[in-house]
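User: Please take a close look at the surroundings of the bound ligand and at the helix that joins them to the rest of the fold. I would like one connected account rather than a list.

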Amino acid sequence: MPRSLIFTATFNERGNVEAWVRGSHRACPDADLLVIDDSSPDGTGSLLEEIAQEAPYLCLIHRSEKQGLASAHLLAMRFAQDNSYDFLITMDADGSHQAWQIPELLRAARDADFVIGTRYRGGHHRAGAGRRLLSWGANSAARALLPTGLSEYTTSFRVFSPTALDVVLNASLRDEGYAFFLEVVEAIHQAGLTVTEVPIEFLDRVYGSSKIPRAQIMTSMGVLITLWRQRLSNGKRPAI
Ligand SMILES: Nc1nc2c(ncn2[C@@H]2O[C@H](COP(=O)(O)OP(=O)(O)O)[C@@H](O)[C@H]2O)c(=O)[nH]1
Ligand SMILES: [Mg+2]
């Protein structure tokens with residue numbers, strides 16, 4: 001029986017996190033859950049502690065300050081590796097990613113080292129127009145500059161095999177923000193691992209507001225251009 005770990009990071013997700021725990025457990029009753037909370041001022045961490053009393057499958061890591069989403073994902077990857085999970089599923093806690101789709105992603109992970117949920121090829125992005133435009137622009141640019149055969153590069157609804165975790169944890173990733181998700185895709189592509197995507201329903205967050213600083217959008221474009229130049233200059237693995 002393969003062991004799966006479903007991970008999310010939280011910062012001020014008190015209104016959403018209980019639904020995330022319940023939904024994930026319902027979708028995958030045999031999986032363990034991991035939440036990394038950065039001392040959310042709204043008390044997400046203490047709510048999680050209460051939930052964990054009744055949920056032995058829920059593991060919590062509390063960090064003392066907001067350290068960013070990328071470092072939370074790296075910590076979850078190390079946790080999955082250290083504890084020898086067969087699959088790490090990552091997702092947002094805000095209701096954007098649908099837990100009922102986890103089994104679909106896991107099925108795809110039987111034949112691939114890395115699975116990403118796509119809002120584009122058969123999937124849906126049901127958020128506000130501004131948000132859709134931003135994601136569309138970022139993903140179109142990524143497809144053009146760093147072709148991999150995938151239509152989605154930025155969303156965090158993903159499944160990693162142990163091999164994919166090894167690659168990411170040994171790669172020199174430079175970004176702490178949005179571009180982290182792009183860099184992970186590029187590192188996996190460059191390593192020649194098998195990748196695939198599954199259409200997903202992406203919704204607007206249920207409660208609260210986005211935690212990602214908007215300035216990171218510009219830095220992400222910079223990272224995208226750096227990765228593109230790297231592909232051009234050292235003749236790395238070409239487009240599929
Ligand atoms: N632990 C932790 N979680 C974070 C941090 N920033 C964002 N998150 C979580 O990461 C997920 C995605 O963040 P969100 O604000 O929805 O980003 P957006 O969807 O790109 O606007 C949510 O579950 C957030 O609570 C952070 O600094 N630390
Ligand atoms: Mg969100």
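Analyst: In this predicted model, the element that gives the most to the shell around ligand 1 is β1, with 3 residues. That shell holds 21 residues, of which Ala 9, Phe 11, Ala 93, Ser 210 and Lys 211 come nearest to the ligand. Two or more residues of the shell come from each of β1 (4-10), β2 (32-37) and α3. By character, the residues of the shell divide into 8 charged, 7 nonpolar and 6 polar.

Of these elements, α3 (69-82) deserves the closer look. With 14 residues at 1.5 Å a residue, α3 should span 20 Å, and its end C-alpha atoms are indeed 20 Å apart, so the expected and computed values agree. The buried residues of α3 are Leu 69, Ala 70, Ala 72, His 73, Ala 76, Met 77 and Ala 80. Because these residues cover an arc of only 160° around the axis, they are on the same side of α3. The face turned away from this buried side carries the exposed residues Arg 78 and Asp 82, and just after the helix, Ser 84 takes a positive phi of about 55°.

The buried residues of α3 pack against the strands β1, β2, β4 and β7 and against the helices α6 and α7. Two of these partners, β1 and β2, are elements that, like α3, give two or more residues to the shell around ligand 1.

The contact with α6 can also be followed from the other helix. In α6, which runs over residues 162-170, the buried residues are Ala 164, Leu 165, Val 167 and Val 168. They, too, cover an arc of only 160° around their axis, which puts them on the same side of α6. What covers them includes α3, together with β4 (87-90), β5 (114-118), β7 (158-160) and α7 (179-190).

As for the setting of these parts, the protein has 8 helices and 9 strands, and buried residues make up 42% of its 240 residues. Among contacts between residues at least 6 apart in sequence, 82% join residues at least 24 apart. The C-alpha trace spans about 55 × 40 × 35 Å along its principal axes. The radius of gyration is 17 Å, which agrees with the value near 18 Å that a compact globule of 240 residues would have.

Terms used. Residues numbered from 1 in each chain as written. Chains lettered and ligands numbered in written order. Predicted model: local features only at pLDDT ≥ 70, side-chain atom pairs only at ≥ 80, totals over all residues. Buried ≥ 20, exposed ≤ 12 C-beta atoms within 10 Å, placed from the backbone. Helix = DSSP H or I, 4+ residues; strand = E, 2+ residues; numbered from the N terminus. Arc of directions from axis to C-beta. Contact = placed C-beta atoms within 7 Å. Near = placed C-beta within 6 Å. Nonpolar A, V, L, I, M, F, W, Y, C, P; charged D, E, K, R; others polar. Rg over C-alpha atoms; globule rule 2.2 N^0.38 Å. Expected span 1.5 Å × (residues − 1).
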